[in-house]
There are 2 protein chains.
Amino acid sequence: MADTTPAEVAELATQLRLACMRVSRRVRFESVDAVAPHQFSVLVRLAEAPRNPRELADIEKVSPPSMTRTVNGLAEQGLVTRAPDPDDGRCVIVSLTPDGREALDETRAARDAWMTSRVAELTPAEQDLLRQATLLLHRVADR
Amino acid sequence: MADTTPAEVAELATQLRLACMRVSRRVRFESVDAVAPHQFSVLVRLAEAPRNPRELADIEKVSPPSMTRTVNGLAEQGLVTRAPDPDDGRCVIVSLTPDGREALDETRAARDAWMTSRVAELTPAEQDLLRQATLLLHRVADR
DNA sequence: TATTGTTATACTCTATAACTATA
DNA sequence: TATAGTTATAGAGTATAACAATA
C-alpha cells in the first residue's frame, strides 16, 4: 500500500466528513423523535451515569442556565429526577427515570429504523466493509 | 462471504449511525463557523443553483416565514441577493454573492481542518478502507 | 473567596395565522 | 381560487448577569 499524499488525505477527510454529515442529517430528518435533540443528548449522558447539572452543561457545551432549563423540561415530562447530593449541599444529582429510559430507547429505535432499511440494501461484502469502517469512525471521533 | 442475519444488519446500522453522528457532532463542536448552521445549509443549496425561498423552505424542511428570516439575515450580511423573477411576479430568486461563496468556502475549510488532522493519523490501509466506505455512505444517504 | 444552581432578562430560530400581490 | 412571499405574534432554546446557598 503506497503512502497517501497530503492532498489525498485532505480530499478523503472532506468527502468522509460530508458523507457522515449527510447520513446524520438524513437520520434526523427521517425519524420523528420522542424528545428534542438537546434533551436526547442529556438522556444519553444520564443513561451512562447520574450527573450534576454542571457536569451536563460542561459535557454538552451549553451554559448552566440552559442546562437548568433542559433538566426542568425533562423533569416536567417525568423523564429525569432531581435529588440532593448527600456529600455536597450545593449539588443536585440528576437521574434517568424508567420513563426516561423508555424515551431514550424509543428515540434510538426511531433513528435506527431508517438506517437499518438503508444498510439492508447493501451486499454482504459492502456491509462488512462498513463494519470495519465503523470502528475507524469511532476512533476518528474519539479525542 | 456469508450472508448477514437481520440482527447483524441492525447492529451494524446502529453502530454506523452512532459513528456518523459522533463524527458530525465533533466536526460541529471543533470548528467555529463563519455562519450559523441553518444559514450554511442555505448557502450550500444556493451554491448548487439560485432558488426561490419556497424551494429553499421545502428543501430545508422549515416554514416559509423561517426561510424569509434566514434569507433576510444572509442578505443583510451581503452573502445572498434577491432578484425578481422575470417570468413570475410572485417569485423571488435568491442567489449567492461572491462574499457568500467566500463564507461557504471558509466554513467548509474550518470543518475540514479538524477532520483532516484526525484522518492523517490513520495508516494508509485504514485511509483506503475509509475511502471505499465514503462512497457507500454517500449511497446510504441518497434517497 | 470559590463553586453550584437558579432566576431575570434579552436575543435568535422556529412555527402558525393573517395579509398582499400575482397567476 | 391558488400560490409566493411577507408581516405579526408567540413559543422554545440559548446566552450573560445577578443572586442564593454551600464549601
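**Exercise 1.** In this predicted model, find which element gives the most to the surface near DNA strand D.

*Solution.* Start with the helix that gives the most: α4(A), with 4 residues. Next, list the elements that supply at least two residues each: α4 of chain A, plus α3 (53-60) and α4 of chain B. Then zoom in on single residues. Of the 21 around the strand, Ser63(A), Ser66(A), Arg69(A), Arg54(B) and Arg82(B) come nearest.

**Exercise 2.** Work out which parts of DNA strand D the residues Ser63(A), Arg82(B) and Arg69(A) lie close to.

*Solution.* Take the phosphates to begin with. A backbone N or O atom of Ser63(A) sits 2.7 Å from a phosphate oxygen of strand D, and a polar side-chain atom of Arg82(B) is 2.6 Å from a phosphate oxygen of that strand. Now go to the bases: Arg69(A) has a polar side-chain atom 3.3 Å from a base nitrogen of strand D. Finally, look at the whole strand. Counting its atoms within 4 Å of the protein, 70% are sugar or phosphate, and the rest belong to bases.

**Exercise 3.** Now do DNA strand C: pick out its phosphate contacts and the elements around it.

*Solution.* Check chain A: Thr68(A) has a polar side-chain atom 2.8 Å from a phosphate oxygen of strand C, and so does Arg82(A), at 2.8 Å. On chain B, a polar backbone atom of Gly89(B) is 3.0 Å from a phosphate oxygen. Then map the elements giving two or more residues: α3 (53-60) and α4 (64-76) of chain A, and α4 (64-76) of chain B. α4(B) gives the most here, with 4 residues. Last, sort the surface by class: 7 nonpolar, 7 polar and 7 charged residues.

Note on methods
Residues are numbered from 1 along each chain as its sequence is written. Chains are lettered from A and ligands numbered from 1 in the order in which they are written. This is a predicted model: local features need pLDDT of at least 70, side-chain atom pairs count only at pLDDT 80 or more; totals for chains, interfaces and linings use all residues. Side-chain values use heavy atoms; hydrogens and water are left out. A polar contact is a pair of N or O atoms within 3.5 Å; within protein, one must be able to donate a hydrogen and the other to accept it, and residues adjacent in sequence count only if both atoms are side-chain atoms. Ala, Val, Leu, Ile, Met, Phe, Trp, Tyr, Cys and Pro count as nonpolar, Asp, Glu, Lys and Arg as charged, and the others, Gly among them, as polar. A residue is near a molecule or strand if one of its heavy atoms lies within 4 Å of it.
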